[in-house]
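Hi,

Here is the structure I said I would pass along. Have a look first, and my notes on one helix and its surroundings follow below.

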Amino acid sequence: MWKLSFIFVAFSVVRCLAHDSDSKSVLVYSSDQFLTEVSKQNHFVMFFAPWCGHCSRLSPTWDQLADKYNSAEKNSVKIAKVDCTVETSLCSEQDVTGYPTLKLFKTGEDEGVKYRGTRDLASLTTFISEQLGIEEPDSVPELPEPVNGLIELTEETFEDHIREGKHFVKFYAPWCGHCQKLAPTWDDLARSFEYDTTVTIGKVDCTVHRSVCNTFDIVGYPTLLWIEDGKKLQKYQGQRTLEDLKSFVSRMLTPSDATATEQETDTDDNSPIAVLSGENFESGVASGFAFVKFFAPWCGHCKRLAPTWEELGKKFVGNELVRIVKVDCTQEISKDLCNRQEVDGFPTLFLYKNGEKIEEYNGSRSLDDLYEFVLKHLPHDEL
């Protein structure tokens, strides 16, 4: 599923620099080195992409893990990493379905054991010990320092904070009774995830930081939004109990490989979706409206959207004014196209009118919302 390619060279180089660390302990393997070294000794390997935010956040901890094991006198396991934007075939063979993927390879065994726990040093060390039967010396474990508490966001900090990663944000007004009622529960929610590096719990006072709230069209309080890599993915509309909120966060944090069985395919001749590439894209969107999904086959969010996108295509069957389209940005023939169209994440949804890009869709990915988005742009006599 991770048949990766280096789509945005300049962007990835910058992110690569951000991922690099000062540690000399971590072993960086090519495909040949991986095959040779892993057969000799136990290895715990991080398969990563330089542009991956979660990989960057894990990197300091991975360096600490390497410092602990790679320099030990009796070395029970080697800590290494593989850049999947370079070693694409290896990562595909290892069934890397999300970044980062962590796998422990035991000497003499062909298959690695995938690590699925929290990514703090203590948990990673415990996993190694359990898998390899290593007895750690008796000691009182130190309580890790919280990485996240409830984060008060402002106009100055909001954009940088949400640019990467996953965030659950409460937009509120101090005078709002429902907000006041939710406040202690929201504090408890933040404490529940204060050791989790994969999500932050935040809040924004809309009476002070109005521009932030206007950006996300906040019209009522409290509004609870799930935001990933700077884009609003979902508005929470469930019960506001602590358990319901925790369940929602846990569901949204489900690894993308949990949906790995659903594949993007272009082989269905009966599909209502037009499949375009760098060769025929301009002609394919030249007239009328084209709603285009730029995707990567390995992207978990893309896979979750795929059946909804098919249903959206069915809704416009027979409408000569509208085409529902998808473009695979990992295909060699489409890389330059995706770069020129400023696709900086997957999936990216753009609406085109007569060949011109007129709007990016950043709303909920429900069928009804996607359908309404297209309809609002059509001439009234086409409705």
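Let me start with a helix pair: H3 passes H5 in a right-handed crossing. The two pack at an angle of about 45 degrees, and their axes are 10 Å apart. That angle is neither under 35 degrees nor in the 65 to 115 range, so H3 and H5 count as oblique to each other. Keep in mind that this is a predicted model.

Now H3 itself. It runs over residues 53-69, and at 1.5 Å a residue its 17 residues should span 24 Å; the end C-alpha atoms are 25 Å apart, so the two values agree. There is a kink, though, of about 40 degrees at Ser59, shortly before the proline Pro60.

How much of H3 is covered? Most of it: twelve of its 17 residues are buried. Among them are Gly53, His54, Asp63 and Tyr69, and the kink residue Ser59 is also on that list.

Trp62, another buried residue of H3, turns up again in the largest nonpolar core. That core has 33 residues, and Trp62 is one of those touching the most other members, along with Phe34, Phe44, Phe47 and Ile79. At least two core residues each come from helices H2 (31-38), H3, H4 (88-93) and H5 (121-132), and from strands E2 (43-48), E3 (78-83) and E4 (101-105). H3 gives the largest share, six residues. Another core lies apart from this one, with 21 residues including Leu276, Phe295, Val325 and Cys338.

Cheers

Key:
Residues numbered from 1 in each chain as written. Predicted model: local features only at pLDDT ≥ 70, side-chain atom pairs only at ≥ 80, totals over all residues. Heavy atoms only, no water. Helix = DSSP H or I, 4+ residues; strand = E, 2+ residues; numbered from the N terminus. Expected span 1.5 Å × (residues − 1). Bend = angle between axes of the 7 residues up to and from the residue. Buried < 20%, exposed > 50% of the residue type's maximum accessible area, 1.4 Å probe, protein only. Core = buried A, V, L, I, M, F, W, Y, C linked by side-chain atoms within 4.5 Å. Axes fitted to C-alpha atoms, helices over the stretch in contact; angles between N-to-C directions. Parallel < 35°, antiparallel > 145°, perpendicular 65-115°, else oblique. Left-handed = near helix turned anticlockwise from the far one by under 90°.
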